[in-house]
Every structure is written in structure tokens, then in C-alpha cells.
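Take a first look at the chain below. Follow the backbone from one end to the other, and then read on.

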Amino acid sequence: MIEAVRAIVHRSRVPEDKLYERALRGVLADHTLRAGSNDPGDAICVHRETTGTVSSSVVALVAQRSRFETYFCPGPPCQNDFAGPVNLTIR
Ligand SMILES: [Zn+2]
């Protein structure tokens with residue numbers, strides 16, 4: 001997953017403030033199954049009859065700004081937006 005985010009960030013021309021949100025949503029909303037799998041639980045965003053992804057949170061260290069940025073999605077990321085960032089300054 002980290003490599004997928006890096007690839008999206010690397011080729012993106014989105015302003016930095018929206019970069020993580022867009023990149024991470026793309027990865028965290030992915031329903032791709034590993035090769036040969038029919039189990040929806042193998043996807044990053046899971047949908048089953050009785051269980052599945054109910055929310056998503058991301059905490060990113062932005063070292064050059066000396067802070068953590070947190071994002072929260074109050075449901076499956078394929079159907080909901082991430083709120084944030086909430087910035088936590090490193091002291
Ligand atoms: Zn989904």
C-alpha cells in the first residue's frame with residue numbers, strides 16, 4: 001500500500017494540502033483482490049453481508065513542517081470523504 005501511495009503522490013500535481021487525502025482515498029477505497037482470490041476480505045476496502053470497512057483513519061508525519069496530519073473517514077472510503085487534516089504540532 002505504501003508504494004501505491006508514493007506512486008500517486010509522485011505523479012500528482014495536486015496542491016500539497018489535498019495530496020494525501022486524494023492519494024490515500026484512492027488506495028484505501030481499492031476493492032482489488034489479490035490474484036486468484038474471490039474473498040472480498042482480501043481487498044483494502046471490504047464489503048461483506050455482515051462485516052466490512054466501517055471507517056478509515058490516516059496519520060501522516062510531515063517532518064518538514066514538524067507536525068502530524070490526521071484524516072478521518074466516517075465510513076467506507078469508497079463512499080465517504082476524508083475530513084481533515086487535523087494538525088498535531090511536534091514539540
Ligand atoms: Zn468500498
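This report goes from the overall plan to the sheet, the core and a few unusual spots.

**Overall plan**

This is a predicted model. The protein chain contains 2 helices and 3 strands. Along the sequence they come in the pattern α-α-β-β-β. The chain has 91 residues, and 14% of them count as buried. Contacts can also be sorted by distance along the sequence. Of the contacts with a separation of 6 or more, 23% link residues 24 or more positions apart.

How confident is the predictor? The mean pLDDT of the protein chain is 83. A value of 70 or more is reached by 77% of the residues. Confidence varies between the elements. Helix α1, residues 2–11, has the lowest mean pLDDT of the elements, at 60. Strand β2 has the highest, at 89.

**The sheet**

Strands of a sheet pair through backbone hydrogen bonds, and the pairing can be parallel or antiparallel. Here, 3 strands form an open sheet in the order β1-β2-β3. The pairing is antiparallel. Which strands stand at the edges? They are β1 (56–62) and β3 (83–89). Each has a single partner strand, so one side of each is left without a neighbour in the sheet. The strands are also turned against each other: for neighbours, the angle is 20° on average, direction ignored.

Strand β2 covers residues 67–73, and 7 bridges join β1 to this strand. On the other pairing, β2 and β3 are linked by 5 bridges, again in the antiparallel sense. Some of the facing residues can be named. The table lists four of these pairs.

| Residue | Partner | Strand of the partner |
|---|---|---|
| V58 | Y71 | β2 |
| A60 | E69 | β2 |
| L61 | F68 | β2 |
| F72 | A83 | β3 |

**The core**

Which residues make up the largest nonpolar core? There are 7 of them: A23, L24, L28, V58, Y71, C73 and F82. Two elements, α2 (16–28) and β2, each give two or more residues to this core. Helix α2 supplies the largest share, with 3 residues.

Look at Y71 more closely. Y71 sits in strand β2. Is this residue buried or exposed? A residue is buried if 20 or more other C-beta atoms lie within 10 Å of its own. Y71 has 21 such atoms within 10 Å, so Y71 is buried. Y71 also has G84 close at hand in space: their C-alpha atoms are 4.8 Å apart, while the two residues are 13 apart in sequence.

Now turn to L28, another member of the core. Set aside its neighbours within four places in sequence. L28 is then in contact with I44, C45, S56 and P77.

P77 appears in a second pair too. Its partner in that pair is G26, which lies in helix α2. In sequence, G26 and P77 are 51 residues apart. In space, C-alpha to C-alpha, they are 8.4 Å apart. G26 has 15 C-beta neighbours inside 10 Å, so G26 counts as partly exposed.

**Two unusual spots**

Most residues other than glycine have a negative phi, and most peptide bonds are trans. This model has an exception to each habit.

The first concerns S66. Where is S66? It is in the loop between β1 and β2. The hairpin of β1 and β2 has 4 residues between the strands. S66 has a positive phi of about 55°, although S66 is not a glycine. Is S66 buried or exposed? With 10 C-beta neighbours inside 10 Å, S66 counts as exposed.

The second concerns a peptide bond. A cis peptide bond joins G84 and P85. Its omega is about 10°. P85 belongs to strand β3. G84 has already come up, as the residue whose C-alpha lies 4.8 Å from that of Y71.

**Putting the parts together**

Go back to the structure and trace these features in turn. Start with the open sheet, in the order β1-β2-β3. Then find the core of 7 residues, with V58 and Y71 among them. V58 and Y71 also stand opposite each other in the sheet. Finish with S66 and its positive phi, and with the cis bond between G84 and P85.

How values were computed: Residues are numbered from 1 along each chain as its sequence is written. This is a predicted model: local features need pLDDT of at least 70, side-chain atom pairs count only at pLDDT 80 or more; totals for chains, interfaces and linings use all residues. Two strands pair if DSSP finds at least two bridges between them. Axes are lines fitted to C-alpha atoms, for helices over the stretch in contact, and angles run from 0 to 180 degrees between N-to-C directions. A residue is buried if 20 or more other C-beta atoms lie within 10 Å of its own, exposed if 12 or fewer, and partly exposed in between; C-beta atoms are placed from the backbone. A nonpolar core is a set of buried Ala, Val, Leu, Ile, Met, Phe, Trp, Tyr and Cys residues joined through C-beta atoms within 7 Å. Two residues are in contact if their C-beta atoms, placed from the backbone, lie within 7 Å. pLDDT is the predictor's confidence in each residue, from 0 to 100.
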